[in-house]
Amino acid sequence: MAESGKKQKKEGGFTGQIGFVMAAAGSAVGVGNLWRFPYLAAKDGGGLFIVIYLVLALTFGFTLLTSDIAIGRRTQMSSVHAYGKMSPRWKFLGILTFIVPVLIMTYYAVIGGWITRYFVVYLTGEGKAAAADSYFTDFITNPGQSAAYAALFMLVTAVIVYNGVEKGIEKCSTVLMPVLLIMVIAIAIFALTLKNTDAEGVTRTGLQGLAVYLTPDLEGLTLSRFMQILLDAMSQIFFSLSVSMGIMITYGSYIGKDVDLNASVHQIEIIDALVALLAGTMIIPSIYAFEGIEGMKAGPSLMFVSLPKVFASMPGIGGVVGGLFFLMAGFAALTSCVSVLETVAANCMEILHTGRRSTTLVLTAVYTAASVIIALGYSLFYVEVPLPNGSIGQILDIMDYISNSFLMPFISFLSAILIGWVIGPDWIVEEMEYGGRRFGLKGLFRFMIRYIVPVIMLILFLQSMGILG
Ligand code: PHE
């Protein structure tokens, strides 16, 4: 049984480097790039945040992504068994890592459902209605609608995973990712051509907005504010690259030994950073032109409240641009959601020695129910729970907090200790150099994984626990 399960997986791996890179980039590019990155850039000093982010991506992001992918390919297993194989005493870390996608899966389809709803609104020509202040709140507090859209998104995700790595995940990513890239570039260029004169007669352009986005804002910069920006950028990086949650381990376990891991890591990073930068180029200039600097302070409500207003103010074509935007966001969310469900499924298949189809069917039932419950967390199951970082959360925020703020830095910390000090960085380096490949950044990798990652992850962890102010 175990043997046939394993064999099935190997046969169903990615066809090659392109398939793998598209699927992994599909996981990485998600609502984090489209919504969270622009909102953090607007909040954290524009160009300053961007520079810090890029530097961290090339050091931290690179180290964590390399580790995950190499662990997956070397062990050919998903997180639970992969860590057990690296060191039997560290199997607990595999289990801890497995918990992250198990939790994220409960709410990711809910956010996917919100995006789908907005797409449908623009598709049916009701985009203007979405610009009303209370539209988003009215929608998420409507039990029937929000649950139905969450379940719908969940089912589409399940169909892709049910069809397997090659025929489901790789196929959908290699189609959707290039389309997504073209759409972000097109909307970003369009945003730069915008020009608007407000009621007071002030004219603002998209290009001025671009300058606001890219210029580092160093005014009133203190050490503590700099540290805050650093931590924001750090947590954004590992959320955005889908590292430390077993996803890249699972995807890494599906690649053959002929794939160049060094090149793959760089390609995934470039696509992820590019989409984040372009998302900022499309969102910040649009908001700036129509709502000015003030509009950019919207924070989390940026995507579902501010943007629909901008689309509504665009003369004539706002509905079309809005529809395209939410279609693209839907693609981004779908390929990410697929990677989460696949990771949960892959671990279950390895632990329970079950087949893909039966596993997917059971998980679909479980997670459709979970998604509905989380969606109802804004109506029937509404709660207000204070979180250790000082914010107040509903069920979705609690799941997000446990997985992203609490577990992920903790896992990265432990994983860096395991690789850097217990089994040694060469365990990863050997995999990167397999078949005579050159791992040019191995010095950087060794240094980062042993000294820098553990310290910074510990700080991030303590901060999210509310222990460090
Ligand atoms: N990387 C995705 C993004 O940037 C988020 C994500 C998190 C995807 C967890 C899968 C799992 O939006």
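**Exercise 1. Place Ile 419 in the fold and decide whether it is buried or exposed.**

Step 1. Find the element. Ile 419 lies in helix α17, residues 395-422. Helices (H or I, at least four residues) and strands (E, at least two) are DSSP runs, numbered from the N terminus. Residues are numbered from 1 along each chain as its sequence is written. The model is predicted: local features need pLDDT of at least 70, side-chain atom pairs count only at pLDDT 80 or more, and totals for chains, interfaces and linings use all residues.

Step 2. Apply the cut-offs. A residue is buried if 20 or more other C-beta atoms lie within 10 Å of its own, exposed if 12 or fewer, and partly exposed in between; C-beta atoms are placed from the backbone. Ile 419 has 25 C-beta neighbours inside 10 Å, so it counts as buried.

Step 3. List the contacts. Two residues are in contact if their C-beta atoms, placed from the backbone, lie within 7 Å. Setting aside neighbours within four places in sequence, Ile 419 contacts Ser 67, Pro 425, Trp 427, Ile 428 and Ile 449.

Step 4. Check one distance. Ile 419 and Arg 450 are 31 residues apart along the chain, and their C-alpha atoms are separated by 7.8 Å.

**Exercise 2. Work through Glu 342 and Leu 468: where does each sit?**

Step 1. Take Glu 342. Its place is in helix α15. Glu 342 is buried, because 27 other C-beta atoms lie within 10 Å.

Step 2. Find what Glu 342 touches. Beyond residues up to four places away in sequence, Glu 342 touches Val 161, Ile 169 and Thr 250. Cys 172 is 170 residues from Glu 342 in sequence, and 13 Å from it in space, C-alpha to C-alpha.

Step 3. Take Leu 468. It belongs to the segment after α19 (442-464). Leu 468 has 13 other C-beta atoms within 10 Å, so it is partly exposed.

Step 4. Find what Leu 468 contacts. Leaving aside neighbours within four places in sequence, the list is Ile 459, Leu 462 and Gln 463. Between the C-alpha atoms of Leu 468 and Ser 415, 53 residues apart along the chain, the separation is 22 Å.

**Exercise 3. Describe the buried residues of helices α10 and α14.**

Step 1. Start with α10, residues 206-214. Gly 206, Gly 209 and Tyr 213 are buried there. They cover an arc of only 55 degrees around the axis, so they are on the same side of α10. The arc is that of the directions from the helix axis to the C-beta atoms.

Step 2. Recall the helix rule. An α-helix has 3.6 residues a turn, so residues three or four places apart point the same way.

Step 3. Name the cover. The buried residues of α10 are covered by elements including α3, α9 (165-192), β2 (203-205) and α13.

Step 4. Turn to α14, residues 306-313. Here 6 of 8 residues are buried, and the helix is mostly covered. The buried ones are Ser 306, Leu 307, Pro 308, Lys 309, Val 310 and Phe 311. They pack against α13 (261-295) and α15.

**Exercise 4. Which residues are closest to the ligand, and what is the shell made of?**

Step 1. Count the shell. A residue is near a molecule if its C-beta atom, placed from the backbone, lies within 6 Å of it. The ligand is surrounded by 15 residues, and the closest are Gly 30, Gly 32, Ser 240, Ser 242 and Ser 336.

Step 2. Trace the elements. Those giving two or more residues to the shell are α2 (17-28), α3 (31-43), α11 (223-240) and α15 (318-352).

Step 3. Sort by type. Ala, Val, Leu, Ile, Met, Phe, Trp, Tyr, Cys and Pro count as nonpolar, Asp, Glu, Lys and Arg as charged, and the others, Gly among them, as polar. The shell holds 7 nonpolar, 8 polar and no charged residues.

Step 4. Look at Ser 242. It is in the loop between α11 and α12 (247-252). Its phi is near 55 degrees, a positive value in a residue other than glycine. Most residues other than glycine have a negative phi. Ser 242 is buried, with 31 other C-beta atoms within 10 Å.
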